Amino acid sequence: MSPEDVKAFEEKISGQLQQVKAQLGVLEANAKGKLAQAESDTISRLKMKHQEIDKKRQDLKTAGDAKSEQVKAEIDKEVANLKTSLAQLATKLKSEPRAKAS
């Protein structure tokens with residue numbers, strides 16, 4: 001993977017991660033006080049996954065050519081899974097009435 005390819009991939013993933021972070025923030029803000037513990041735990045888990053992917057993205061800069069393709073594939077898969085989980089959470093929060101947290 002050429003340095004230009006790594007940079008382009010890193011920029012693409014960075015943009016996707018920024019979008020996910022913004023969506024998580026909106027979901028969390030809109031649902032504050034209405035979240036069940038399970039949804040709070042899910043948001044926390046998604047935030048941690050976001051951080052893990054961002055670290056891998058940063059580590060990609062120092063990965064050798066052979067490893068960079070593997071890391072790139074892992075990141076792509078993890079970002080797709082993160083987006084799916086985020087969409088599922090958004091759907092769940094929109095469709096289920098929430099009780100006030102006590």
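How do the axes of helix 2 and helix 3 cross, and within what distance do they come? They cross at roughly 160° and come within 10 Å. Welcome to this predicted model, which we can get to know through its nonpolar core and the contacts of helix 1 (3–31), helix 2 (37–59) and helix 3 (65–95).

**The core**

- The largest nonpolar core has 21 residues, and Ile13, Ile53 and Ile75 touch the most other members.
- Helix 1, helix 2 and helix 3 each give two or more residues to this core.
- Ile75 is a good place to start looking: leaving aside neighbours within four places in sequence, Ile75 is in contact with Phe9, Ile13, Ile53, Lys56 and Arg57.

**Helix 2 with helix 3**

- With a crossing angle of roughly 160°, over the 145 degrees that marks the class, helix 2 and helix 3 are therefore roughly antiparallel to each other.
- Their crossing is left-handed.
- On the helix 2 side, the meeting residues are Glu39, Thr42, Ile43, Leu46, Lys49, His50, Ile53, Lys56 and Arg57.
- On the helix 3 side, their partners include Val71, Glu74, Ile75, Glu78, Val79 and Leu82, and further along come Ser85, Leu86, Leu89, Lys92 and Leu93.
- By type, the residues of the contact of helix 2 with helix 3 split into ten nonpolar, three polar and seven charged.

**Helix 1 with helix 2**

- The axes of helix 1 and helix 2 come within 11 Å and cross at roughly 165°.
- Helix 1 and helix 2 are therefore roughly antiparallel to each other, and helix 1 passes helix 2 in a left-handed crossing.
- The contact of helix 1 with helix 2 is made up of seven nonpolar, two polar and six charged residues.
- Helix 1 brings Glu10, Ile13, Ser14, Leu17, Val20, Lys21, Leu24 and Glu28 to this contact.
- Helix 2 meets them with Ile43, Leu46, Lys47, His50, Ile53, Asp54 and Arg57.

**Helix 1 with helix 3**

- The axes of helix 1 and helix 3 come within 11 Å and cross at roughly 20°.
- That angle makes helix 1 roughly parallel to helix 3, and the crossing of this pair is left-handed.
- In this contact, 14 residues are nonpolar, three are polar and four are charged.
- From helix 1, the residues taking part include Phe9, Lys12, Ile13, Gln16, Leu17 and Gln19, and also Val20, Gln23, Leu24, Leu27 and Ala31.
- From helix 3, the residues they meet are Lys72, Ile75, Asp76, Val79, Leu82, Lys83, Leu86, Leu89, Ala90 and Leu93.

**Three residues to find in helix 1**

- Glu10 lies in helix 1 and counts as buried because its relative accessibility of 13% is under the 20% limit.
- Not counting residues up to four places away in sequence, Glu10 touches Arg57 and Lys61.
- Gly15 is also found in helix 1, and at 35% relative accessibility Gly15 counts as partly exposed.
- Gly15 and Asn81 are 66 residues apart in sequence, and their C-alpha atoms are 16 Å apart in space.
- Gly25 has its place in helix 1 too and is partly exposed, with a relative accessible area of 34%.
- Between the C-alpha atoms of Gly25 and Lys47 there are 9.6 Å in space, while the two residues are 22 residues apart in sequence.

Methods:
Residues are numbered from 1 along each chain as its sequence is written. This is a predicted model: local features need pLDDT of at least 70, side-chain atom pairs count only at pLDDT 80 or more; totals for chains, interfaces and linings use all residues. Side-chain values use heavy atoms; hydrogens and water are left out. A nonpolar core is a set of buried Ala, Val, Leu, Ile, Met, Phe, Trp, Tyr and Cys residues joined through side-chain atoms within 4.5 Å. Buried means under 20% relative accessible area, exposed over 50%, partly exposed in between (1.4 Å probe, protein chains only). Helices (H or I, at least four residues) and strands (E, at least two) are DSSP runs, numbered from the N terminus. Contact means heavy atoms within 4.5 Å. Axes are lines fitted to C-alpha atoms, for helices over the stretch in contact, and angles run from 0 to 180 degrees between N-to-C directions. Angles under 35 degrees count as roughly parallel, over 145 as roughly antiparallel, 65 to 115 as roughly perpendicular and the rest as oblique. A crossing is left-handed if the near helix is turned anticlockwise from the far one by less than a right angle, and right-handed if clockwise. Ala, Val, Leu, Ile, Met, Phe, Trp, Tyr, Cys and Pro count as nonpolar, Asp, Glu, Lys and Arg as charged, and the others, Gly among them, as polar.
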